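Reader: I should like a close look at a single part of this model, namely its largest pocket. Please describe that part in detail and set it in the context of the fold around it.

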Amino acid sequence: MRLRGSLYPNERTLVMTRAHPASLIPALLQLLLASAAASFAATAASSAFLWWTGTSLCLLWLVLSLRRVLRWVRTRYAITTHRLVILRGWVSSAKHEALPLDALGPRRIERNTLGKRWGYGTLVVESLGVQHRFRQLPEVSYFAAILDRSWRENYALRTGYMG
């Protein structure tokens, strides 16, 4: 997948991904709660208060679930030869947040038990004294290895030095 928008001269996209599908589990749980609330509202039709309560909870959980799914669909992470990029939004109007590779400091990987089992983790990157957390990245070790390799191997491209 190609990074849309403006790339620097001699910059190219190395990898692009989105959060692991396991990050959608809370949305699935919210959908289950919404169906339970809808079921409750349907059986509590004799009481207007209980019907409105069930219907309101159903709509609330549906909206929260949809919001979580849309955030997952609209957020992608990319590594280029020059930057680590977070893309938020639809393809044509995506907002980019970029961390230049030369400004990256220490990096570490965090994994919980479920992340180890399902193959995802959090990449914590420090840049200019601020910690940035890239949560639930699939194959986070591979993503970090590509980031490290890009940082080392593409220095000449970033500085314009071709010796």
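Author: A pocket, as the term is used here, is an open set of grid points where a 1.4 Å probe fits, with protein on both sides within 12 Å along at least five of seven lines. The volume of such a pocket is the space filled by probe spheres set on its points. In this predicted model, the largest pocket has a volume of about 430 Å³.

The lining of the largest pocket consists of 15 residues. Those that lie nearest the centre of the pocket are Ala19, Arg71, Thr75, Tyr77 and Arg135. Sorted by class, the lining comprises six nonpolar, five charged and four polar residues.

As to the elements involved, two or more lining residues are given by each of helix 2, strand 2, strand 3 and strand 7 (130-138). Strand 7 supplies the largest share of the lining, with five residues.

Strand 2 and strand 3 lead from the pocket to the sheet. This sheet is open and has four strands in the order 1-2-3-4, with antiparallel pairing. Its edges are formed by strand 1 (13-17) and strand 4 (95-100), each of which pairs on one side only. On average, and with direction ignored, neighbouring strands of the sheet are turned by 20° against each other.

Strand 2, which spans residues 75-80, is joined to strand 1 in the antiparallel sense over four bridges. Within this pair, threonine 13 stands opposite threonine 80 of strand 2. Helix 2 (residues 48-74), itself a contributor to the pocket lining, packs on the sheet and touches strand 2 and strand 3 (83-88). The direction of helix 2 makes about 20° with that of strand 2. Helix 4 (residues 140-153) also packs on the sheet, where it touches strand 1, strand 2 and strand 3. For helix 4, the angle with the direction of strand 2 is about 35°.

The chain as a whole completes the setting. Its secondary structure comes to five helices and seven strands, which follow one another from the N terminus as β-α-α-β-β-β-β-α-β-β-α-α. Of the 163 residues in the protein chain, 34% are buried. Among contacts between residues at least 6 apart in sequence, 51% join residues at least 24 apart.

How values were computed: Residues are numbered from 1 along each chain as its sequence is written. This is a predicted model: local features need pLDDT of at least 70, side-chain atom pairs count only at pLDDT 80 or more; totals for chains, interfaces and linings use all residues. Side-chain values use heavy atoms; hydrogens and water are left out. Two strands pair if DSSP finds at least two bridges between them. Axes are lines fitted to C-alpha atoms, for helices over the stretch in contact, and angles run from 0 to 180 degrees between N-to-C directions. Contact means heavy atoms within 4.5 Å. On a 1 Å grid over the protein atoms alone, a cavity is a set of points where a 1.4 Å probe fits but cannot get out, and a pocket is an open set with protein on both sides within 12 Å along at least five of seven lines; lining residues have an atom within 4 Å of a point. Ala, Val, Leu, Ile, Met, Phe, Trp, Tyr, Cys and Pro count as nonpolar, Asp, Glu, Lys and Arg as charged, and the others, Gly among them, as polar. Buried means under 20% relative accessible area, exposed over 50%, partly exposed in between (1.4 Å probe, protein chains only).
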